[in-house]
Amino acid sequence: MERSMKTYLPGMALANVVYLTSLVPVSYLQSSLEIDCKYHQFIVQFWTPTVNALKSTSDFILILMLLDRCRVMKFIIDLRIQKLRKNDTKDDNTPWIVQIQVLLAFVLSVVLHLPLFFYDRTDYLGCNDILDETTTPPPSQIHDDDLWTVYDAITIIMVKVVPILVIVGSTMVLIKRLREMSKRRQTIQTDGVMVNQTIEGIHENRKAWTVNNKTSVNEQNLAHVMVYIAISYVVFTTPANIEFVVYNLPFDWVDRPEKIHKPIVIITNFLETLHYALKFYIYFWMHQDIRKSCIGFFKTCFNRLNSKKREEYEVQASGSTLS
């Protein structure tokens, strides 16, 4: 169970890091209207679908992690101890099914955003006076608006609506099961554990095992982490999802003032980016193993840097002595 999370995490971390890294060069490309217009086609036709595919990959992996936590907590509550005890054995083989799930999350994200790479948009609004004579916009192309409306509807359902519904639903289930485990823990601490060979005693011992066993506690800690990440997703990405729906479907009855569209996009994109950046800090704050790994990594880098400086100093000192 816990091993599966160790497979999900690198996939999610890779998607988040590449997405956040891509914000650095595009911030320069959008630093002025002149530069923005010059690279407008690259931003709209390549960068935007790429980062959206990365965000969708991260979201789909988050869904897989939440469903995995719900399943594991169900095992704990139902006293299916044998499912948890398998984790106590030393097995370095990563479940191949989890690797396939991560790969499918990436493939599905790319497929959903693939048409945008071939959609040569020519909306150079406000750029005609800035583009010089040598830079000409691409020729206008005729697009089937009805077909793109269907595509936008599919994208909204698969990328925006379904993920948030699944994340909210699985988070509610996870919170309910964590509260049940909390009540079980309080009951055991208050009444103690019956240690005898009766059926009732064995049942109580199993309950105590699911509460106090190290593997069970680690699984519950991971479940708490996933709840906080899911809450972060709902809080920080919902405004961007609403903006995407309002401005991408042709609702004639919706008043969409274009003057405030760009400020809204900036704010919602910032909140969305904040969510993907906060994931690391949530893991670092709430999970002891990740804290130890990060601290150990930084200590190793610091020690190597110090040892390299010490070697350079000794070489310089020996050279000055010989001279």
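**An all-helical chain built around helix α3**

The chain contains 10 helices and zero strands, where helices (H or I, at least four residues) and strands (E, at least two) are DSSP runs numbered from the N terminus. Along the sequence, the order is α-α-α-α-α-α-α-α-α-α. The model is predicted, so local features are described only at pLDDT of at least 70 and side-chain atom pairs only at pLDDT 80 or more, while totals for chains, interfaces and linings use all residues. Residues are numbered from 1 along each chain as its sequence is written, and side-chain values use heavy atoms, with hydrogens and water left out.

Confidence is a helpful place to begin. The mean pLDDT (the predictor's confidence in each residue, from 0 to 100) is 76 for the chain, and 70% of its residues reach 70 or more. Among the elements of the chain, α5 has the highest mean pLDDT, 90, and helix α4 (residues 81-85) the lowest, 62. Two stretches call for some caution. Over residues 88-92, pLDDT stays under 50, and the model has four contacts beyond four places in sequence for them; a contact here means heavy atoms within 4.5 Å. Residues 133-142 also stay under 50 in pLDDT, with nine contacts beyond four places in sequence.

For the chain overall, 36% of the 323 residues count as buried, that is, under 20% relative accessible area, with exposed being over 50% and partly exposed in between (1.4 Å probe, protein chains only). The exposed surface comes to about 20100 Å², of which carbon and sulfur atoms supply 63%; accessible areas come from the Shrake-Rupley method with a 1.4 Å probe, and for residues only the protein chains shown count as cover. Among contacts with a separation of 6 or more, 80% join residues 24 or more positions apart.

The largest nonpolar core (a set of buried Ala, Val, Leu, Ile, Met, Phe, Trp, Tyr and Cys residues joined through side-chain atoms within 4.5 Å) has 36 residues, and L62, M65, L174 and M226 touch the most other members. Helices α1 (2-29), α3, α5 (96-117), α6 (145-191), α8 (214-248) and α9 (261-286) each supply at least two residues of this core. The most comes from α3, which gives 11 residues. Beyond its neighbours within four places in sequence, M226 is in contact with M5, L62, M65, L66, R69, L174 and Y283. Another core lies apart from this one and has nine residues, including L29, I35, W47 and Y276.

Helix α3 itself deserves a closer look. Its 38 residues reach 54 Å from first C-alpha to last, close to the 56 Å expected at 1.5 Å a residue, the expected span being 1.5 Å times one less than the number of residues. A bend of about 35° occurs at W47, with a proline, P49, following within four residues; the bend is the angle between axes fitted to the seven residues ending at that position and the seven starting there. Because 29 of its 38 residues are buried, α3 is largely enclosed by the rest of the structure. One of the residues of α3 (residues 40-77) is S56, which is buried with a relative accessible area of 3%. Neighbours within four places aside, S56 is in contact with S109, H113 and V159. Just after α3, L79 takes a positive phi of about 60°.

Elsewhere, N248 is found in helix α8 and counts as partly exposed, at 30% relative accessibility. N248 and T149 lie 99 residues apart in sequence and 8.3 Å apart in space, C-alpha to C-alpha.
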